[in-house]
Amino acid sequence: MIRVLIADDEAMIRSALAALLRLEDDIEVIAECEDGEQAVAEAVRLQPDVCLLDLEMPGLDGVQVAEKLNRLIATRCVVVTRHARPGVLRRALASGVSGFLPKSRGADEVAAVIRRVAAGARYVDPEIAADALSDERSPLTDRELDVLRAGRRGETTGQIARALSLAPGTVRNHISVILGKLSVGTRQQAVLIAEERGWI
């Protein structure tokens, strides 16, 4: 049996997917989690073979959960998303995610991907992969992206500085460079561009 943990903050989607996967002879859904923090805690406790993670969750998103789990336990992570942006795919693959697919896929396809990933293979939805190859790369450095990510919900410069262990002045310098590179006037506009293009 392939032991699977599902994490999605939308209860109806989570329970429907769990119910459909439980119909498969070789898949056992051992946990249903409503956010990223709970997914990490339950995965560490239960050691599932595969974690099926929604990308857009409060707190830790699916890619951040996968990053944490890859450091903590031997599990394989599949990220599902409603907004399959190419930049997000690159971030997911860099974090060690084993599978990446849109939420528009049927339960039978999700089950097939779970089986492939559990067997040691990787799976990326072909349409997303094609888009990723043609998508523009981010002009921002990893540290600049960290600053945007840490401030994406309107955190103050001081809060971003504490979260990243940087001096407030350094954060202000990064923000100034980001605004210049993206030709925008506010940090919120920069965050929107980065999210739309899948850089964060």
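Select helices α1 and α5 first: α1 passes α5 in a right-handed crossing. The model is a predicted one. The selections required are residues 11-21 for α1 and residues 107-118 for α5, whose axes come within 10 Å and cross at roughly 70°. Helix α1 is therefore roughly perpendicular to α5, since angles of 65 to 115 degrees are classed in that way.

Next, display the side chains at this crossing. On α1, the contact is formed by L17, L20 and L21; on α5, by A107, V110, A111 and I114. The residues of this contact comprise 7 nonpolar, no polar and no charged.

Move now to α7 (142-150) and α9 (168-182), which are among the elements covering the buried residues of α10. The axes of α7 and α9 lie 10 Å apart, and the two helices pack at an angle of about 100°; they are therefore roughly perpendicular to each other. From α7, select R143, E144, V147 and L148; these meet V171, H174, I175, V177, I178 and K181 in α9. This contact divides into 6 nonpolar, 1 polar and 3 charged residues.

Then select α10 itself, residues 187-196, and colour R187, A190, V191, I193 and A194, which are buried. Viewed down the axis of α10, the buried residues fall within an arc of 165°, so they line one face of the helix. Adding α8 (157-164) to the display brings in a further element that covers these buried residues.

Finally, step just past the end of α10 to G198, where phi is positive, at about 75°.

Definitions and conventions: Residues numbered from 1 in each chain as written. Predicted model: local features only at pLDDT ≥ 70, side-chain atom pairs only at ≥ 80, totals over all residues. Heavy atoms only, no water. Axes fitted to C-alpha atoms, helices over the stretch in contact; angles between N-to-C directions. Helix = DSSP H or I, 4+ residues; strand = E, 2+ residues; numbered from the N terminus. Parallel < 35°, antiparallel > 145°, perpendicular 65-115°, else oblique. Left-handed = near helix turned anticlockwise from the far one by under 90°. Contact = heavy atoms within 4.5 Å. Nonpolar A, V, L, I, M, F, W, Y, C, P; charged D, E, K, R; others polar. Buried < 20%, exposed > 50% of the residue type's maximum accessible area, 1.4 Å probe, protein only. Arc of directions from axis to C-beta.
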